[in-house]
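Please open the model in a viewer and keep the sequence panel visible. The tour below proceeds by selection, with a note on what is found at each stop.

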Amino acid sequence: MLAAVTPFFLFVAFLLLLLVSLSLPIIKSIFLFQLTANTSASFLDSSASGQARFGVWGYCTSAVTVEVVGINHETAGQCSATRLGYQFDSNVANALHVSGFSDTISRSLSAVLVLHPIACALTFLALVTSLFITSRRSQYISRPAALTTLGIALLAAIITTIIFLIDVIFVAVVRHRINDESHGVLQLSWGNAVWMALGATIALWGAIVSDCASLCAFGRRFGRKRADGRY
């Protein structure tokens with residue numbers, strides 16, 4: 001029973017990591033954080049609003065709405081090219097109607113987000129090996145498959161835990177810089193990708209616990225059979 005739980009946990013972790021790895025600008029509904037700007041001026045009764053969402057591989061800006069004397073003008077949003085490492089460039093600044101934030105997002109720090117697909121690949125490999133733990137022809141588990149799954153899942157769990165911490169630190173650092181430099185003009189909100197990474201982390205550690213429990217149960221049962229003289 002415990003051996004059957006391990007593939008389930010690994011599948012959940014793989015699915016979550018896959019979605020995060022394909023986050024914005026690939027899957028636009030999954031992102032790490034969002035910046036929102038709402039600016040206004042008494043001159044000509046003007047205002048502007050816009051949003052920018054940031055994922056693992058880039059960002060997307062929403063349509064920018066500018067209102068002057070009751071007349072609305074909307075500019076279409078756009079997404080950056082899918083690439084490793086990005087920063088707060090002129091496209092984001094123009095969409096949010098701000099300036100002087102070029103150092104808010106470090107390209108080198110955002111490049112570390114490449115660990116997401118690496119953890120996803122390791123989790124998939126652990127998922128494949130976990131399918132060989134149980135056999136229809138035997139009531140016992142395959143110890144080599146269980147040990148292989150345990151080793152790969154442990155490595156994936158460690159990397160995913162580090163990834164979650166990196167995501168939290170990355171967003172927290174950006175939020176701190178935004179709060180210090182924007183003086184309330186920009187508002188940062190956390191994205192769903194961070195919590196999906198947390199879910200994948202919990203699922204991976206759950207898979208490790210269930211795999212260890214299966215190995216322990218197999219060891220006790222094997223020892224009991226051996227003591228009875230059946231082996």
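A residue is called buried under 20% relative accessible area, exposed over 50% and partly exposed in between, with a 1.4 Å probe and protein chains only. The model is predicted: local features need pLDDT of at least 70, side-chain atom pairs count only at pLDDT 80 or more, and totals for chains, interfaces and linings use all residues. Residues are numbered from 1 along each chain as its sequence is written, and side-chain values use heavy atoms, with hydrogens and water left out.

Begin by selecting F8, which is exposed at a relative accessible area of 52%. Add F9, which is partly exposed at 27%.

Aromatic rings come next. Rings of Phe, Tyr and Trp (its six-membered ring) pair if their centres lie within 6.5 Å; planes under 30 degrees apart count as stacked, over 60 as edge-to-face and the rest as tilted. Six aromatic pairs satisfy this rule. In the pair of F8 and F9, the ring centres are 5.9 Å apart and the planes stand at 55°, so the pair is tilted.

Now select F33 and F170. Their ring centres lie 5.9 Å apart with planes at 65°, so this pair is edge-to-face. The pair links distant parts of the chain, 137 residues apart: F33 belongs to strand 1 (residues 33-41) and F170 to helix 5 (residues 143-182). Helices (H or I, at least four residues) and strands (E, at least two) are DSSP runs, numbered from the N terminus. Both F33 and F170 are buried. Extend the selection to F54 and Y59, which form one aromatic cluster with F33 and F170.

Finally, select helix 4 (residues 115-130); its buried residues include H116, C120, T123 and L127.
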